Amino acid sequence: MGSVLSRAQDRALRFVQSTAVGPPLPATTPITINFHPDRIVDGRLIMASLAATGRYRSQFETGVSAGGLTAVPGGDRWCWESRMFGGAYDHAPPEERPVYGALNHTGSAVGGSPRFGSCHLVLAASVRERVTMCYPDSSLEPAALGTADACDLISTLLADTVEDPLDDYVEAQVHGPVLVSRDAAAVVLDPSYRGTSVEAAAQTLGCAVSWHRGFSMVVEEVIDRHAATVAGYRGPHVLAVAQAVAAGGVLTPPVIGQAARQGDHDPQDLKRVWHLLARFGRT
């Protein structure tokens with residue numbers, strides 16, 4: 001591990017190790033990284049960029065996120081990481097920052113944290129020794145953190161009342177580079193990307209490619225079936241955006257991705273449209 005981690009990364013990991021408590025993380029609990037493969041970074045699709053560089057990069061490097069866009073010096077993400085990791089990354093270059101995933105403690109086919117994307121990487125077991133974890137999400141300034149050797153966060157989550165299924169995850173932070181050919185056991189795609197450039201790029205990653213059952217939602221049918229819940233879930237404005245971008249009334253991950261690339265809607269609104277699909281559109 002010493003040859004993989006920089007000084008800042010090693011310091012961050014040791015800081016968490018000094019306070020983590022609980023039993024070891026079960027060896028059967030996968031760690032996954034959910035992402036949207038068809039957003040743009042460096043002028044190309046994220047999946048194409050991942051294939052070209054061979055490395056999964058953090059928001060501090062790419063400026064792209066399926067969550068909040070605060071990964072700048074002094075921004076919220078910067079402050080959260082400073083707090084969680086004892087200031088280890090305060091003066092580190094962007095490429096040394098951790099990348100974010102989740103424990104897939106339920107064995108979900110769509111990954112540990114689908115709120116952040118329709119596709120996901122399944123990390124190899126060898127990565128576990130340089131992973132830290134927290135619950136709830138780091139944006140909520142959690143008091144407890146864990147490591148693979150000391151983690152009682154799953155039991156904390158299970159004892160909690162999680163109203164939104166998209167919040168049902170233990171966040172994981174991977175310290176050190178995530179090289180797909182070395183550190184990913186598989187990439188799992190939504191079936192709506194079959195036969196597309198996303199699949200073509202995925203096939204060059206150097207890891208296994210598999211598929212889950214997919215996300216798809218006929219907007220009006222879901223409105224009729226879950227009228228009270230859908231309207232209030234992310235607000236009526238977001239529901240109107242979902243109706244506007246749906247292709248033939250149907251939302252799928254590529255439909256939202258195309259809307260994001262066209263730039264006709266606020267990216268934060270489209271993020272919430274994805275939340276609607278992820279919450280109500282699992283097939």
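Me: Helices (H or I, at least four residues) and strands (E, at least two) are DSSP runs, numbered from the N terminus. How many helices and strands does the chain have?

Reply: The chain has 12 helices and 14 strands. Before we go on: this is a predicted model, where local features need pLDDT of at least 70, side-chain atom pairs count only at pLDDT 80 or more, and totals for chains, interfaces and linings use all residues. Residues are numbered from 1 along each chain as its sequence is written, and side-chain values use heavy atoms, with hydrogens and water left out.

Me: How do I read the overall size, and what is the radius of gyration of the chain?

Reply: The radius of gyration is taken over C-alpha atoms, and the globule rule to hold it against is 2.2 Å times the number of residues to the power 0.38. Here the radius is 18 Å, close to the 19 Å that the rule gives for 283 residues, so the chain is as compact as a globular protein of that length. Along the principal axes, the C-alpha atoms fill a box of roughly 55 × 40 × 35 Å.

Me: What share of the residues is buried?

Reply: Buried means under 20% relative accessible area, exposed means over 50%, and partly exposed is in between (1.4 Å probe, protein chains only). In this chain, buried residues make up 51% of the 283. For the other end of the scale, take Ala228 in helix α9 (residues 227-233): at 73% relative accessibility, Ala228 counts as exposed. Thr28, in the loop between α1 (7-17) and β1, is exposed too, at 71%.

Me: And sequence distance against spatial distance: how far apart in space are Thr28 and Asn104?

Reply: Thr28 and Asn104 are 76 residues apart in sequence but 9.6 Å apart in space, C-alpha to C-alpha. Set beside that Ala228 and Thr252, which are 24 residues apart in sequence and 22 Å apart in space. For the whole chain, count contacts (heavy atoms within 4.5 Å): among those between residues at least 6 apart in sequence, 71% join residues at least 24 apart.

Me: Now the sheet. In what order do the eight strands come?

Reply: Two strands pair if DSSP finds at least two bridges between them. That gives an open sheet in the order β8-β7-β9-β5-β1-β6-β11-β12, with mixed pairing. β8 (145-147) and β12 (208-211) stand at the edges with a single partner strand each, so one side of each has no neighbour in the sheet. From one strand to the next, the twist averages 35°.

Me: Which way do the strands around β1 and β6 run?

Reply: β1 (residues 31-35) and β6 run antiparallel, joined by four bridges. In this pairing, Ile33 has Leu121 as its bridge partner, and Phe35 has Cys119. On to β5, where β1 pairs in the antiparallel sense over two bridges, with Ile31 partnered by Leu103. β6 also joins β11 antiparallel, through four bridges, and His120 stands opposite Val188 in β11. The mixed part shows up at the end of the order: β11 (residues 184-189) and β12 run parallel, over four bridges, and Val187 has Val209 as its bridge partner there.

Me: Is β1 buried or exposed?

Reply: Five of the five residues of β1 are buried, so the strand is largely enclosed by the rest of the structure. Both faces are covered, with Ile31, Ile33 and Phe35 on one side and Thr32 and Asn34 on the other. For β6 (residues 119-123), four of the five residues are buried, so β6 is largely enclosed as well.

Me: Last topic, helix packing. At what angle do α10 and α12 pack?

Reply: Axes are lines fitted to C-alpha atoms, for helices over the stretch in contact, and angles run from 0 to 180 degrees between N-to-C directions. Under 35 degrees counts as roughly parallel, over 145 as roughly antiparallel, 65 to 115 as roughly perpendicular, and the rest as oblique. Helices α10 (residues 236-245) and α12 (residues 267-280) pack at about 85°, with axes 9 Å apart, which means roughly perpendicular. The axes of α11 (residues 253-262) and α12 come within 10 Å and cross at roughly 175°, so these two are roughly antiparallel.

Me: Which residues of α11 and α12 meet?

Reply: Pro253, Ile256, Ala259 and Ala260 in α11 meet Leu270, Val273, Trp274 and Leu277 in α12.
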